[in-house]
Amino acid sequence: VQDDGAIILAGGISMYDGDTCTSIFRVSNTGVLDPSFDPGSGPTGGSVNRVVIQPDQRILLAGQFDPFNGAAHEPEARLTTDGALDPTFVPADIYGNWLTGLGLRQDGKIMLGGPFYQVNGVDHRSVIRLNADGSLDPSFNTGSGAASAARNLAVYPDGQTIVTGDFEAFNARPQGYASRLNEDGSVDLDFNPQTGLNAAAVKVLFDAQGRIIVVGRFGGYNAQLHPHIARLLA
């Protein structure tokens, strides 16, 4: 939701309320399609999986697409408030063309997650940090990353990142499908050194008190019954 109440919708969508549209469009707070929002041909070759609106109302996208409105953007992009590609954002080249996690830090840097293992031709796995202009921040490195797919992430105000997915280990450390990463990308070993979740977590977010909500295919957490949704303390 943008500051004026307008809503950005995205996904594998080709029609809204009888009108043809691209995979990303804007509606008013009453649900009426906004024709002033024009992403052109939008994302092709896939869909948008995540949307984050920056404080300046520019729109970050991550998903499985290339190109976007005819321009090479794989698989992340930033749009201006009217839906056009932001020319100041030149994204890193992520090998795999598939992102499932997107988060914005308070310093303007961008966190991306997904089942990738190479960025700009260099080994970077599962989670990366971009500078505000889309370039790779090399000071953040996750080592071997998630042992299986990273599905989602959420960013703490202090810069740490929670990442969830199909993995039982992260950077060769047992993690139970949810891991907290330090500012440099290393695993925070103070975060739940117990058994964790017993199956995949596909969504993670914070509530108003900063507690962690995880949703997924799991049936329990730390050997206690918690089917599919659990709230964790910090």
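Student: Which residue in β11 stands opposite Y95?

Tutor: This is a predicted model, in which local features need pLDDT of at least 70, side-chain atom pairs count only at pLDDT 80 or more, and totals for chains, interfaces and linings use all residues. Residues are numbered from 1 along each chain as its sequence is written, and side-chain values use heavy atoms, with hydrogens and water left out. Strand β11 (residues 118-119) pairs with β8 in the antiparallel sense over two bridges, where strands are DSSP runs (E, at least two residues) numbered from the N terminus and pairing requires that DSSP finds at least two bridges between two strands. The residue in β11 that stands opposite Y95 is Q118.

Student: Which strands stand at the edges of the open sheet of three strands?

Tutor: The order in this sheet is β8-β11-β12, and the pairing is antiparallel. Each edge strand has a single partner strand, so one side of each is left without a neighbour in the sheet; these strands are β8 (94-95) and β12 (122-123).

Student: Which strands each supply at least two residues of the largest nonpolar core?

Tutor: A nonpolar core is a set of buried Ala, Val, Leu, Ile, Met, Phe, Trp, Tyr and Cys residues joined through side-chain atoms within 4.5 Å. The largest one has 17 residues, of which I162, L197, V204, I212, V214, F218 and L232 touch the most other members. The strands that each supply at least two residues are β19 (201-206), β20 (212-216) and β23 (229-232).

Student: Is I162 buried or exposed?

Tutor: I162 lies in strand β15 (residues 161-165), and residues over four places away that it touches (contact means heavy atoms within 4.5 Å) include Y156, F191, V204 and I212. Buried means under 20% relative accessible area, exposed over 50%, and partly exposed in between (1.4 Å probe, protein chains only). Because its relative accessibility is 0%, I162 counts as buried.

Student: Which residue in β20 stands opposite F206?

Tutor: β19 and β20 run antiparallel and are joined by five bridges; their hairpin has five residues between the strands, and in it G210 takes a positive phi near 85°. Four of the five residues of β20 are buried. Opposite F206 in β20 stands I212.

Student: Which residue in β23 stands opposite V214?

Tutor: Four bridges pair β20 with β23 in the antiparallel sense. In β23, the residue opposite V214 is A230.
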